[in-house]
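Dear colleague,

I am handing over the structure below, and I would be grateful if you could look through it alongside the notes that follow.

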Amino acid sequence: MKTIKLNIDKTSNFVSKDVLDSYEKRANDANSLLHEGIGLGNDFLGWLHLPSSISEAEIEELEATAKTLRDNCEVVVVIGIGGSYLGAKAVIDALSCSFDAMQATRKNPLIVYAGHNICEDYLFELQSFLKNKKFGIISISKSGTTTEPALAFRLLREQLEAQQGKASAQQLIVAVTDKARGALRTLATQEGYKTFVIEDSVGGRYSVLTPVGLLPIAVAGFSIRDLIAGAMHFENLCGPEIPFDQNPAALYAAVRNALYQSGKKTEILVNFHPKLHYFNEWWKQLYGESEGKENKGIFPAAVDFTTDLHSMGQWIQQGERTIFETVVSVQQSNHEVRVPSDEANLDGLNYLAGKRVDEVNKMAELGTMIAHVDGGVPNLKLELPELKELYLGQMIYFFEKACGISGYILGINPFDQPGVEDYKKNMFALLEKPGYEEATKAIKAKL
Ligand SMILES: O=P(O)(O)OC[C@H]1O[C@](O)(CO)[C@@H](O)[C@@H]1O
């Protein structure tokens with residue numbers, strides 16, 4: 001099986017071999033600790049062996065449910081926030097035609113998203129769009145209580161029942177949530193919705209290879225079997241028994257921590273393929289929510305090149321030297337477009353005539369890497385052979401495993417997210433949620 005490849009060569013001027021070697025033990029110990037299951041956050045290690053533990057029966061159930069939604073819906077709304085939608089959107093966007101939403105004739109239902117913001121105009125416009133559509137809903141919330149998806153689900157469930165009738169709506173709603181707890185579980189049980197379980201041991205940002213991601217990806221018409229196969233392959237390639245210098249997850253975790261300790265406080269995930277924009281977003285939550293603790297942690301930023309070379313390129317080239325880049329590079333385009341020759345050549349592009357557009361993109365990528373490294377920005381590179389389910393699955397597991405190792409090297413718990421409760425408490429107090437009376441009084445005194 002072809003695999004994604006990590007290249008850390010363009011960090012060697014910033015992290016010496018001795019320094020990198022000094023991280024070998026910490027990275028190996030962190031990897032072993034994950035597998036021993038006795039480290040910080042060890043209640044949330046269900047993602048570690050997830051790829052190899054998904055059964056044929058589970059895959060068939062996901063495929064069957066996806067078929068029901070595919071056969072009966074022209075639109076499927078994925079409701080969820082954070083890890084409850086980012087993994088699905090990252091994979092679906094990476095594999096879909098860039099103009100899929102505008103296609104007149106469709107093989108697959110259009111996937112749209114809700115519950116990932118609290119925007120009245122967004123929800124109004126989505127409900128207006130759905131007015132004359134046969135749509136289904138995949139409502140996803142591990143806790144089952146997150147405000148944003150719950151609000152969207154209340155609105156869209158009411159609309160679906162009004163448009164299709166309660167009985168038909170019941171067949172077009174799937175809930176993915178906790179096996180026993182939370183409002184979404186209670187509602188799904190009461191209404192008789194088809195449900196899938198998010199195991200307690202799998203945190204939201206690590207849940208893309210559970211029904212959270214797999215069901216929407218299957219509904220979109222992509223191969224969850226290939227995605228799982230790629231993840232399983234990297235479950236093996238990043239295991240604790242793999243030597244440090246051959247273990248991509250351990251190496252990436254070690255290099256990024258060495259760079260962080262040397263003063264590189266921000267990591268910028270870079271792509272040269274716009275379909276990976278939401279993969280950036282998935283990665284930002286995975287690393288930001290895992291490592292941003294105890295006033296520590298690399299800040300995860302992201303850009304789409306060459307687009308953002310025309311917005312962020314100046315800062316990256318000549319701003320504060322506290323950044324490094326991890327470039328996700330897709331080696332082979334799925335399509336071919338060559339630069340035409342032009343008799344007048346007024347644009348001066350005839351020197352490119354006959355070349356593949358991707359050849360131009362690759363030279364932009366190489367030129368950018370040279371400029372940034374020369375400018376004091378270390379570069380790591382993750383090469384994907386193609387944008388296919390297999391390599392996306394490999395990359396998902398690679399970043400998940402490296403995140404666990406990196407968090408343990410940093411000395412924090414990579415699997416909790418206590419900091420996200422602060423805004424929620426204030427929001428509930430300001431909204432005068434029952435039970436928050438004291439908090440309401442206190443926060444209003446601050447205003
Ligand atoms: O799936 P849930 O429980 O609605 O949580 C959604 C997201 O919110 C968070 O819990 C943060 O509040 C993320 O970790 C999670 O991915």
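**Backbone features in the loops**

Thr306 sits in the loop that runs between β8 and α14 (313-318). The peptide bond that joins Phe305 to Thr306 is cis, with omega at about 0°. Please keep in mind, here and below, that this is a predicted model.

Two glutamates also deserve a look for their backbone angles. Glu294, which lies in the loop between α13 and β8, has a positive phi of about 55° although it is not a glycine. With a relative accessibility of 55%, Glu294 counts as exposed, since the cut-off for that class is over 50%. Glu432 likewise is a residue other than glycine with a positive phi, in this case near 60°, and its place is in the loop between α17 (421-430) and α18 (437-446). Glu432 counts as partly exposed because its relative accessibility is 48%.

**The ligand site**

Which residues come nearest to the ligand? Of the 14 residues around it, they are Ser84, Ser141, Ser143, Thr146 and Glu289. Sorted by class, the shell around the ligand is made up of nine polar, three charged and two nonpolar residues.

Oxygen atoms of the ligand take part in several polar pairs, and both backbone and side-chain atoms of the protein appear in them. A polar backbone atom of Gly83 is 2.8 Å from an oxygen atom of the ligand, while for Lys142 a backbone N or O atom lies 2.7 Å from a ligand oxygen. In Glu289, by contrast, the N or O atom concerned belongs to the side chain, and its distance from an oxygen atom of the ligand is 2.6 Å. The ligand taken alone exposes 390 Å², and the protein buries 89% of that area.

**Helix α13**

Helix α13 covers residues 277-291, so residue 289 of the ligand shell falls within this range. From its first C-alpha to its last, the 15 residues of α13 reach 21 Å, close to the 21 Å expected at 1.5 Å a residue. The buried residues of this helix are Phe279, Asn280, Trp282, Trp283, Gln285, Leu286, Tyr287, Ser290 and Glu291, a list that holds Asn280, Gln285, Ser290 and Glu291 alongside Trp282 and Trp283. What covers them includes the helices α5 (86-95), α12 (248-261) and α16 (389-410), together with the strands β7 (266-271) and β8 (299-304).

**Two further residues**

Is Ser139, a residue of strand β4 (residues 135-141), buried or exposed? At 2% relative accessibility Ser139 counts as buried, because that class takes in values under 20%. Leaving aside residues up to four places away in sequence, Ser139 touches Ile79, Phe153, Val174, Ala175, Val176 and Leu184.

Phe44 is placed in the loop between α2 (24-36) and α3 (50-53), and it counts as partly exposed, with a relative accessibility of 29%. Although Phe44 and Phe415 are 371 residues apart in sequence, their C-alpha atoms are 6.1 Å apart in space. Phe415 is also among the residues that Phe44 touches, the others being Asp200, Ser201 and Gly203, when residues up to four places away in sequence are not counted.

With best wishes

Terms used. Residues are numbered from 1 along each chain as its sequence is written. This is a predicted model: local features need pLDDT of at least 70, side-chain atom pairs count only at pLDDT 80 or more; totals for chains, interfaces and linings use all residues. Side-chain values use heavy atoms; hydrogens and water are left out. A residue is near a molecule or strand if one of its heavy atoms lies within 4 Å of it. A polar contact is a pair of N or O atoms within 3.5 Å; within protein, one must be able to donate a hydrogen and the other to accept it, and residues adjacent in sequence count only if both atoms are side-chain atoms. Accessible areas come from the Shrake-Rupley method with a 1.4 Å probe; for residues, only the protein chains shown count as cover. Ala, Val, Leu, Ile, Met, Phe, Trp, Tyr, Cys and Pro count as nonpolar, Asp, Glu, Lys and Arg as charged, and the others, Gly among them, as polar. Helices (H or I, at least four residues) and strands (E, at least two) are DSSP runs, numbered from the N terminus. The expected span of a helix is 1.5 Å times one less than its number of residues. Buried means under 20% relative accessible area, exposed over 50%, partly exposed in between (1.4 Å probe, protein chains only). Contact means heavy atoms within 4.5 Å.
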